[in-house]
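The following exercises concern the cysteines, the ring contacts and the strand pairing of one protein model. Each task is followed by a worked solution.

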Amino acid sequence: MEKLRHNASKECPAPADLKDINGTKLCAQLYADASPYYDQCCGGRVLPVPPGTDMPYLPRDWNDRVSSLVVAPRCELTVWSRRGKEGSTKRFSAGVVYRLQEVRKGLLGDWDDSISAFYCKCS
C-alpha cells in the first residue's frame with residue numbers, strides 16, 4: 001500500500017487520472033474529508049489503492065472515516081461496513097462519489113464514515 005497523502009486542491013481527480021506518485025495506475029482513491037461543495041469533496045487525507053488490494057481490516061485511523069471516493073475505469077471497489085468483510089456490502093464501479101452520505105445503506109443509513117473493509121480489482 002502506498003504512503004498516505006494529502007490532497008491540497010480538494011478537487012476530486014477524474015477516474016482516468018488515478019495514478020500513484022510513480023505514475024502507476026491506481027484502482028481507487030479514498031478520501032477522509034467531505035464538503036457540502038462538490039469541488040472540495042476530495043480534500044484532506046488520501047488513501048491510494050493499487051489494483052488487487054484486499055483490506056479486510058482497515059487501519060484504525062481509516063476505519064469508518066471514508067467520506068468520498070474515486071474508482072478508476074475498468075475497476076471495481078467492493079466495500080463492507082464491518083471489519084473482516086462482514087456487515088453490509090456495496091460495489092462501486094468507475095466514477096466519482098463526492099459524498100458517501102448520499103449513497104444509501106439499508107433503510108435509514110448511508111455509507112459516509114461506514115467503510116471498514118474493501119477489495120479493489122481491475123480488469
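A disulfide is a pair of cysteine sulfur atoms within 2.5 Å. The model is predicted, so local features need pLDDT of at least 70, side-chain atom pairs count only at pLDDT 80 or more, and totals for chains, interfaces and linings use all residues. Residues are numbered from 1 along each chain as its sequence is written, and side-chain values use heavy atoms, with hydrogens and water left out.

**Exercise 1. Determine how many disulfides a search of the whole structure finds, and give the pairing of the bonded cysteines.**

Step 1. The search of the whole structure yields three disulfides.

Step 2. Cys 12 is joined to Cys 42, with an S to S distance of 1.9 Å. Cys 27 is joined to Cys 120, with S to S 1.9 Å. The sulfur atoms of Cys 75 and Cys 122 are 2.0 Å apart and form a disulfide.

Step 3. With the bonded cysteines of the protein numbered in sequence order, the pairing reads 1-3, 2-5, 4-6.

**Exercise 2. Assign the handedness of each disulfide from the torsion about the S-S bond, and locate the partners.**

Strands (E, at least two residues) are DSSP runs, numbered from the N terminus.

Step 1. For Cys 12 and Cys 42 the torsion is about 85°, so this disulfide is right-handed. Cys 12 lies in the loop between strand E1 (5-7) and strand E2 (28-31), and Cys 42 in the loop between E2 and strand E3 (44-49), so the pair ties together parts that are 30 residues apart in sequence.

Step 2. For Cys 27 and Cys 120 the torsion is about -85°, so this disulfide is left-handed. Cys 27 is found in the loop between E1 and E2, and Cys 120 in strand E9 (residues 117-122), so parts 93 residues apart in sequence are tied together.

Step 3. For Cys 75 and Cys 122 the torsion is about 100°, so this disulfide is right-handed. The pair links distant parts of the chain, with Cys 75 in strand E5 (residues 68-82) and Cys 122 in strand E9, 47 residues apart.

**Exercise 3. Classify Cys 75 and Cys 122 as buried, partly exposed or exposed, and explain why Cys 41 has no bond to Cys 12.**

Step 1. Buried means under 20% relative accessible area, exposed over 50%, and partly exposed in between (1.4 Å probe, protein chains only).

Step 2. Cys 75 has a relative accessible area of 6% and is therefore buried. Cys 122, with 30%, is partly exposed.

Step 3. The closest cysteine sulfur to that of Cys 41 belongs to Cys 12, at 5.8 Å, which is too far for a bond. Cys 41 is buried, with a relative accessible area of 0%. Cys 12 and Cys 42 are buried as well.

**Exercise 4. Identify which lysines lie over the rings of Phe 92 and Trp 111.**

Step 1. A charge sits over a ring if NZ of Lys or CZ of Arg is within 6 Å of the ring centre and within 35 degrees of the ring normal.

Step 2. Lys 90 lies over the face of Phe 92, 5.7 Å from the ring centre. Over the ring of Trp 111 sits the charged end of Lys 105, 5.3 Å from the centre.

**Exercise 5. State in which sense E9 pairs with E4 and with E5.**

Step 1. Two strands pair if DSSP finds at least two bridges between them.

Step 2. Strand E4 (residues 54-55) pairs with E9 in the antiparallel sense over two bridges. Here Asp 54 stands opposite Tyr 119 in E9.

Step 3. E5 and E9 are also paired in the antiparallel sense, over six bridges. Cys 75 stands opposite Cys 122 in E9, and these two cysteines form a disulfide.

Technical notes:
Helix = DSSP H or I, 4+ residues; strand = E, 2+ residues; numbered from the N terminus.
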